[in-house]
Amino acid sequence: MALRMWASSTANALRLSSKASLSPAFSLHRCFSSVLDGLKYAPSHEWVKHEGPVASVGITDHAQDHLGEVVFVDLPEPGGSVSKGGSFGAVESVKATSDINSPISGEIVEVNTKLTETPGLVNSSPYEDGWMIKVKPSDPSELGSLLGPKEYTKFCEEEDAAH
Amino acid sequence: MTIPQSQKIGRPLMKLIRLRGWPILQQLHIEEQLLRTSSENWCIINDGTKEPTIVMGVSGKPAELLEIKPVLHDQVPVIKRFTGGGTVIVDGGTIFVTFICNKDAVPDLQPYPRPIMSWSSLIYNEVFHGTGDFHLRENDYVFGNRKFGGNAQSITKGRWIHHTSFLWDYEIRNMAYLKLPSRAPEYRSARDHLEFICRMKDYISRSDFIDGTIRALGTYFSVESEEMEAIQSGRSTKFSPSSRLLTAQEIESALCELESRKSVACSSSP
């Protein structure tokens, strides 16, 4: 499947309310985060790519950019199950653990073991080498309630603009 | 302390728990439970913890972070906590301050690590009023270029926790249990612990710090005290916290791993 890059005009800025003064050291700006065609997205910034009987899951470019350098990825063992919206693991970045939530329900059939040694793949290749788990969906209709590329791009823009 | 009624309007509620000398493992368990099972905003202040204890972040490896032989010899407890970040050794001279918030509790605050830290530094800016050149430097709380507060976070779908261990005072000998971490901020410039950290007591009293923190929180929240007993009685028996004490066996295994790496290095050198 050919994948096209959608560039959003997301500004990745650390903006607080006007009463606060922001330290210049913590103002990060990016012009856009990449959003790929052919994937579906959750509002919690995970993506899912459904190919035949298996769906791959990871976190989006928007998410990895906001999180900072990923230094550790905590993933489950294959054979377990995930529920739509439920947490299945966590990433550690900038002194924080952040939950990763599954966009779909199903059985975990494969886990990306490369992330143990090279957690930075989540930053450098969030949609490809940084994939996290592969799931056999128990209810493929759940994909219908996820965001498409354009909707997710707009969601990110609105979220960043609101902050 | 009375906050005028007019100032309370529009600010979300934050429940305040004040503790003294609570064991840090218990504190971490309560924190994780409140993060995961409560829908309210919380501030927990624990003024010191009785027993010197090493607390590592979620991905911490004892072999890399600790001087294992003295830790084992002196039977220093080692905890792995549920939040990210580095390793600290805490004791009665440590003041713990924790914020647990819903993601929309602070207007315009994105629930990611750097914005959260940036916001928390505003709270402490108010507390220190520029004393000692306080600022947030590469994710640490410092006076000048010396760290006195280490913080860490955990972010879930709808909530986050930011907790800090402040070195109001510390024992020099305790720092000897910690190695120089391989992942350190640039401003540390390879300084050892005693050149890198400083004591908060040289700048502010315990009570002024704690009272100042509660007052600063009042800018963003309507703060109300809560008793620990009320939380403990309402605790869910189904929740299982992930922060835990490492067993002696686990720490001994780390020592074996370290020694086997050294002997491989020795055998492979010319």
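**Exercise 1. Strand pairing in chain A**

Task: In this predicted model, determine how β3(A) and strand β4 (residues 46–51) of chain A run relative to each other, parallel or antiparallel, and how many bridges join them.

Solution:
1. β3(A) and β4(A) are joined by two bridges, and the strands run antiparallel.
2. Two strands pair if at least two bridges are found between them, and the two bridges here reach that number.
3. One residue pair can be named: A:K40 has A:V48 in β4(A) as its bridge partner.
4. The wider context is an open sheet of six strands in chain A, ordered β3-β4-β5-β11-β10-β7, with antiparallel pairing.
5. Because β3 (40–41) and β7 (81–82) of chain A each have a single partner strand, they stand at the edges, and one side of each has no neighbour in the sheet.

**Exercise 2. A strand pair across the interface**

Task: State in which sense strand β9 (residues 96–101) of chain A pairs with β9(B), and over how many bridges.

Solution:
1. The pairing is parallel and extends over three bridges.
2. Within β9(B), B:Q153 is the residue opposite A:A96.

**Exercise 3. The interface of chain B and chain A**

Task: Describe the contact between chain B and chain A by residues, area and polar pairs.

Solution:
1. Contact involves 33 residues of chain B and 33 residues of chain A.
2. About 2800 Å² is buried between the two chains, with 57% of this area coming from carbon and sulfur atoms.
3. There are 15 residue pairs in polar contact across the interface, both residues being at pLDDT 80 or more.
4. On the side of chain B that touches chain A, the elements giving two or more residues are α5 (113–128) and β9 (146–155) of chain B.
5. α5(B) supplies the largest share of that side, seven residues.
6. By type, the residues of this side of chain B are 14 nonpolar, twelve polar and seven charged.

**Exercise 4. Salt bridges between the chains**

Task: Give the number of salt bridges between chain B and chain A, and find which residue of chain B meets A:D99 in one.

Solution:
1. Two salt bridges are counted between the chains.
2. A:D99 meets B:R36, with a N to O distance of 2.7 Å; the cut-off is 4 Å.
3. A salt-bridge network also links A:K95, B:D140 and B:K147.
4. Over all chains, the count comes to 16 salt bridges.

**Exercise 5. Salt bridges within a chain**

Task: For the pairs B:D211 with B:R18, B:E259 with B:K69, and A:K49 with A:E51, give the distance and the exposure of each residue.

Solution:
1. In the salt bridge of B:D211 with B:R18, the closest N and O atoms are 3.9 Å apart.
2. B:D211 belongs to helix α8 (residues 206–217) and B:R18 to strand β1 (residues 13–21) of chain B, so the salt bridge ties together parts 193 residues apart in sequence.
3. B:D211 is partly exposed at 34% relative accessibility, and B:R18 is partly exposed at 48%.
4. For B:E259 and B:K69 the closest N and O atoms are 3.4 Å apart.
5. B:E259 is in helix α10 (residues 248–268) and B:K69 in helix α4 (residues 68–73) of chain B, so this pair ties together parts 190 residues apart in sequence.
6. B:E259 has a relative accessible area of 37% and is partly exposed, whereas B:K69, at 53%, is exposed; the exposed class begins over 50%.
7. A:K49 and A:E51 form a salt bridge at 3.8 Å, N to O.
8. A:K49 is partly exposed at 23% relative accessibility, and A:E51 is partly exposed at 47%.

Methods. Residues are numbered from 1 along each chain as its sequence is written. Chains are lettered from A and ligands numbered from 1 in the order in which they are written. This is a predicted model: local features need pLDDT of at least 70, side-chain atom pairs count only at pLDDT 80 or more; totals for chains, interfaces and linings use all residues. Side-chain values use heavy atoms; hydrogens and water are left out. Contact means heavy atoms within 4.5 Å. Buried area is the accessible area (1.4 Å probe) that two parts lose on being put together, summed over both. A salt bridge is a side-chain nitrogen of Lys or Arg within 4 Å of a carboxyl oxygen of Asp or Glu. A polar contact is a pair of N or O atoms within 3.5 Å; within protein, one must be able to donate a hydrogen and the other to accept it, and residues adjacent in sequence count only if both atoms are side-chain atoms. Helices (H or I, at least four residues) and strands (E, at least two) are DSSP runs, numbered from the N terminus. Ala, Val, Leu, Ile, Met, Phe, Trp, Tyr, Cys and Pro count as nonpolar, Asp, Glu, Lys and Arg as charged, and the others, Gly among them, as polar. Buried means under 20% relative accessible area, exposed over 50%, partly exposed in between (1.4 Å probe, protein chains only).
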